[in-house]
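Here are my notes from a pass through this one, in the order I'd bring them up over coffee. Have the structure open while you read.

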Amino acid sequence: MSEIHEILKKYYGYDSFRPGQEEIINHILGGKDVAAIMPTGAGKSVCYQVPALAMRGITLVISPLISLMQDQVRTLLSVGVRAAYLNSSLTARQFQLALDNAKRGVYKIIYVAPERLETENFLEFACNADISILAVDEAHCVSQWGQDFRPSYLKIGEFVKKLPKRPVVAAFTATATNKVRVDIINKLGLNKPITYISSFDRANLYFGIHKPENKLNYIIEYLNNHHDESGIIYCLTRKDTEAVAKYIEDAGHSVMPYHAGLSDERRKKAQEDFIYDRIKIIVATNAFGMGIDKPNVRYVIHYSMPGRMEDYYQQAGRAGRDGEPSECILLYAPRDVRLNQFMITRTPDDDPLTPAQREAYIKAEEECLRQMTFYSTSQGTCLRKRILNYFGENHGKKCKNCSCCLDDIEERSFGISSSVSTMIMDEALFNRLKDKVRIMALFGGVPVFTIASDAMLRELSAVKPRTTAQLRHISGFGEEKIKRYGKEFINIINEYENEAEF
Ligand code: ADP
């Protein structure tokens, strides 16, 4: 086994790399800059974390959001990697403490907010540390073309120049447009980078378009059939968000609204309750998104059609990051087009654009809306094919996992289960493991998915390992996970098997 395979197995418990990961890792290890464009859920983190562990020195990861950094560091610590973040959520004292630790070489991977790069004490640390890799997460934030533009990302290039020894710079994003890609390479000052663009196909996602007479009834029925699963329902307006959340709550489901009009505190609570599985459903505007790194979102429903394919695919793509079958359902009604049209032509009071710019903006947005409407209303072509074609990719055959390829439900569930696995699992054991993991998470104060994914529990309840050594064969059980939870899992399985024998 090669060293990087060993690292993947030891820390993450995975046997093989996903498409692109190995190639990117080898380029980084070979000292080459990389610009990698991969869809959400493809596994970008592994691409810089594995070389970070394989190389001497420290890897700095620039990340735009505090919540993203916290999630990543929590995950790394849970698999036994020494990691920390440096951002404004720390008090001055905590920050200094973390920086002192960093100087002493305590951390292998350090997440840092782009604003920090300019501060004197951080720069002093960076210039005296052995930094082997600089990874830029959400690299599209450097581009003025995107809506996530962060001016402080523009300072990254300068920061790299100030370092006495240039680290490998690796940029990652899920935003694919040419303009953004060129910006990433130029503005980050990548040095003859290897550009890796992966397919944007997400095979585990089912895509559906439905035109129910009553969208709310449709949603309630859907939720009744998926009551144990986490999902996001996207609305176009704050008003819709509140109304839909209220309706769902009245129907007896645990749900919270999320939009920019709510206080920071309420938004934070909604986000945390969702991640920790304390509530199952979030009803949100497009304000809910980038900071969400929850792998087990099983469905994303669009209550209304969004205005752009880019937004649609990005939001829908928050389902199924863990690779498990998940559903993306768009509920279309002609009102959606009018609502989007209204939002496009509405000029803000303090319009920052000149009239000519405003006119160009409206024209561009209207074209996007036209494409989105075309996607939502045309018939006869596989939805996956339509989506991928929109993003410039060819997709030949019918996917058999969209509402166009499959018009009846039975066929669909067959299609999914047969493509995913042929394991025969013990349903009762699976349910028991699931309950126990919920309790373990509660006591540990961690989200359920950090202990075990459904896929891991399914494999456990099929293979039924009886010793901790046998756990190594289950995908997702790295060394640290076995050390922390191995005994508990084995006890549950042994207990269950012994009961079954009598
Ligand atoms: P991205 O940042 O591209 O959206 P993540 O890095 O969050 O994706 O990875 C998504 C999920 O896929 C995570 O749960 C991660 O552990 C898992 N994953 C990554 N690489 C592999 C692999 N080689 N085998 C199995 N699962 C993987």
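What volume does the largest cavity have? It comes to about 50 Å³. Keep in mind throughout that this is a predicted model.

1. **The largest cavity.** Residues lining this space are Leu117, Glu118, Leu123, Lys155, Glu158, Phe159 and Lys162. Helix α7, which covers residues 156–162, is the top contributor to that lining, with three residues. Have a look at the chemistry too: the lining divides into four charged residues, three nonpolar ones and no polar ones.

2. **The second largest cavity.** The count of cavities of 30 Å³ or more comes to two, and the second largest holds about 30 Å³ of space. Ala35, Ala36, Ile37, Ala171, Phe172, Thr173, Arg181, Ile184 and Ile185 line it. Three elements each supply at least two residues of this lining: β1 (34–37), β6 (168–173) and α8 (178–187). By class, the second largest cavity has seven nonpolar lining residues, with one polar and one charged.

3. **The second largest pocket.** Its volume is about 1,000 Å³. There are 33 lining residues, and the ones closest to the centre of the pocket are Trp145, Thr175, Thr177, Val180 and Glu310. Helices to colour here are α8, α12 (309–316) and α14 (355–377), the elements that give two or more residues to the lining. Of these, α12 gives the most, with four residues. The class split of the pocket lining is 13 nonpolar, 11 polar and nine charged. Note that α8 turns up twice in these notes, in the lining of the second largest cavity and in that of this pocket.

4. **Who sits around the ligand?** The shell has 14 residues, and those that come nearest are Tyr14, Ser16, Gly41, Ser45 and Arg321. Helix α3 (residues 44–54) gives the most to this shell, with three residues. In class terms, the shell has six polar, five nonpolar and three charged residues.

5. **Polar contacts to the ligand.** Three are worth pulling up on screen. The side chain of Arg321 places an N or O atom 2.6 Å from an oxygen atom of the ligand. A ligand oxygen also lies 3.0 Å from a backbone N or O atom of Gly43. The side chain of Gln21 has an N or O atom 3.0 Å from a nitrogen atom of the ligand. As for cover, the ligand taken alone exposes 570 Å², and the protein buries 82% of that.

6. **Aromatic pairs.** How many does the structure hold? The count is 13. One to zoom in on is Tyr222 with Tyr299: their ring centres are 5.1 Å apart and the planes stand at 70°, so this pair counts as edge-to-face, since the cut-off for that class is over 60 degrees. Tyr222 belongs to helix α9 (residues 215–225) and Tyr299 to strand β12 (residues 297–302), so the pair ties together parts that are 77 residues apart in sequence.

Note on methods:
Residues numbered from 1 in each chain as written. Predicted model: local features only at pLDDT ≥ 70, side-chain atom pairs only at ≥ 80, totals over all residues. Heavy atoms only, no water. Near = heavy atom within 4 Å. Polar contact = N/O pair within 3.5 Å; in protein donor to acceptor, adjacent residues only side chain to side chain. Areas by Shrake-Rupley, 256 points an atom, 1.4 Å probe, with all protein chains shown as cover. Nonpolar A, V, L, I, M, F, W, Y, C, P; charged D, E, K, R; others polar. 1 Å grid on protein atoms, 1.4 Å probe; cavity = no way out; pocket = protein on both sides within 12 Å on 5 of 7 lines; lining within 4 Å. Points joined across faces, edges and corners; volume = space filled by probe spheres on them. Phe/Tyr/Trp six-rings, centres within 6.5 Å; stacked < 30°, edge-to-face > 60°.
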